[in-house]
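Reader: Could you take me through one helix of this structure up close? I'd like to hear how it sits among its surroundings, and then a bit about the core.

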Amino acid sequence: MSDDDVLLHVEHVSKYFGQIRACDDVSFDLWPGEVLGIVGESGSGKTTLLNCLAARLVPDSGLISYTNRHGEVSDIFAMSEPERRMLARTDWGFVHQNPRDGLRLDITAGGNIGERLMMVGERHYGNIRHEAETWMNRVELELGRIDSPPRTFSGGMQQRLQIARNLVSGPRLVFMDEPTGGLDVSVQARLLDLLRELVRELQVAVVIVTHDLAVARLLSDRLMVMRHGAVVESGLTDQVLDDPQHAYSQLLVSSILQV
Amino acid sequence: MSARKREAWDGETGYNFAYLDEQTKRMIRRCILKAVAVPGYQVPFGSREMPLPYGWGTGGIQVTASIIGRDDILKVIDQGSDDTTNAVSIRAFFAKTANVATTEETSKASVIQTRHRIPEQKLRADQILVYQVPNPEPLRFLEPRETECRKVHAYSEYGVMQVKLYEDIARFGRITTAYAYPVRVNDRYIMDPSPIPKFDNPKMDNSSALQLFGAGREKRLYAIPPYTKVDSLDFEDHPFDIETWDEPCGLCGATDSFLDEIILDDQGSRMFACSDSNFCGERRAEGHTGPMTNDPATRIEEGASKNV
């Protein structure tokens, strides 16, 4: 692939919280349709990095540029705020660890899914409804629950709804912050299965933050291992997990519990 | 109340003309000018304590106080009626502090302060309609963060407003929002038209009269200048419509006005009557009758209105 194809270009991104170095000189490129896993222990700066990438936090230094559908490359922090917000609700998606952060809990499931459509000017109730039903099916939510508010959903259902709400606009890049955190193992497995299927089918690029190496192994093409805000190792997922080079990666891989 | 005899302002009441001091009135007028210049935009203003509780029309009363002149004729309505507590009190307030003439006749008034209704009679270019607004932010119940609301307005990201209407249809099969029905002013700002019934929304569109909105507690003013486009939000397959009634007004027989349902006894009998008391009264004076004009149940109501 040529350099022109890069979807998200990240160069020397650093973010400090006072004295704390949350993100230290991170550089990488993300290609369309690629799934990049970011792993590391708690407090290693994974989420901070993700928030910077998604323009939810402004890094102290560095450059993040995004190539849009028309092939135009732009620095996401040089864009005007409305442009950036437009990008965030059309071309991008953000799946929060806690689905209650990413959903409107008083609005029905259908309304949650339809919001992005209405945001970009869809004004036909029937179409919105139809699209919401389609997505309820795709994320394996019971169609009968389309008019229930998400507060009546289980954690796994909420997470699936959040994913549907993000994917309905046909994003090209989705950021996921521990999408399986807080779910029990069987629900986790089902969600991962679903995610893998959707990501492959829609050819959407994903940056997924997780501390669970099994999640990373299952979903991501490429892996970055972070520690103390810095990327200590990166490479193809299988390569990093089967033959870790950095001492910390070795520790991480050897810490996986064997049942 | 008949038109009061006007006398020169003597300041004997101990208040400045129209209660507020001149500096405050100037401040409010500047905000009104800005509001008129940017139709539908909520202008912050330094709302003052008024001698009535928040929610009783402190915003409207401040707007009225700052625009009213000695020659103005004031009409105050509450839910369309001239003779409810709120309307009577505010009318008496300005009669006392500004010594202005007051009227109940829509056509004679130059300033009309209103709560919950727009008069049935078409307003003219030389009239100003002042609304009392409890909650000026149409996004409030969808987006509790004020900072976010302001960005949504600034960037016209109004899709979320549609979500509210979607919810209505999803739950009830039609848009059930019946009052404070959101409108788009001049193809730009989404505005809460205060709790008027959606029946009155079409009257705001391209109105000849200047419309001013004041929210005292929330410290916001906004305006619709004369002849401005005001659209009610809707869906293509669920278009905006107004309330209709199966019966005409029981007193005057009107079929084109907003009707109140009045319970007459505990046996389930009821009647519908115009909410705009002046409109209904004028029609009856012209000889229009409704199905209950001679009904004994309405006699008390007629007697009561004569006493006011």
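Author: Sure, let's take helix H1 of chain B, keeping in mind that this is a predicted model. H1(B) covers residues 22-37, 16 residues in total. From first C-alpha to last it reaches 22 Å, close to the 22 Å expected at 1.5 Å a residue.

So which residues of H1(B) are buried? They are Thr24(B), Lys25(B), Met27(B), Ile28(B), Cys31(B), Ile32(B) and Ala35(B). These buried residues lie on the same side of H1(B), because they cover an arc of only 160° around the axis. As background, an α-helix has 3.6 residues a turn, so residues three or four places apart point the same way.

Flip to the face turned away from that buried side and you find the exposed residues Gln23(B), Arg30(B), Leu33(B) and Ala37(B). As for what covers the buried residues, the list includes strand S1 (43-44), helix H2 (58-67), strand S8 (210-215) and strand S9 (220-224), in chain B. One detail at the start of H1(B): a side-chain oxygen of Asp21(B) comes to within 3.2 Å of the backbone nitrogen of Gln23(B).

Now for the core. The largest nonpolar core has 33 residues, and Ile113(A), Trp135(A), Leu161(A) and Val206(A) have the most contacts inside it. Its largest share, six residues, comes from H7(A). Zooming in on Leu161(A), its contacts beyond four places away in sequence include Leu103(A), Ile113(A), Met136(A), Pro150(A) and Phe153(A).

Notes: Residues numbered from 1 in each chain as written. Chains lettered and ligands numbered in written order. Predicted model: local features only at pLDDT ≥ 70, side-chain atom pairs only at ≥ 80, totals over all residues. Heavy atoms only, no water. Helix = DSSP H or I, 4+ residues; strand = E, 2+ residues; numbered from the N terminus. Expected span 1.5 Å × (residues − 1). Buried < 20%, exposed > 50% of the residue type's maximum accessible area, 1.4 Å probe, protein only. Arc of directions from axis to C-beta. Contact = heavy atoms within 4.5 Å. Polar contact = N/O pair within 3.5 Å; in protein donor to acceptor, adjacent residues only side chain to side chain. Core = buried A, V, L, I, M, F, W, Y, C linked by side-chain atoms within 4.5 Å.
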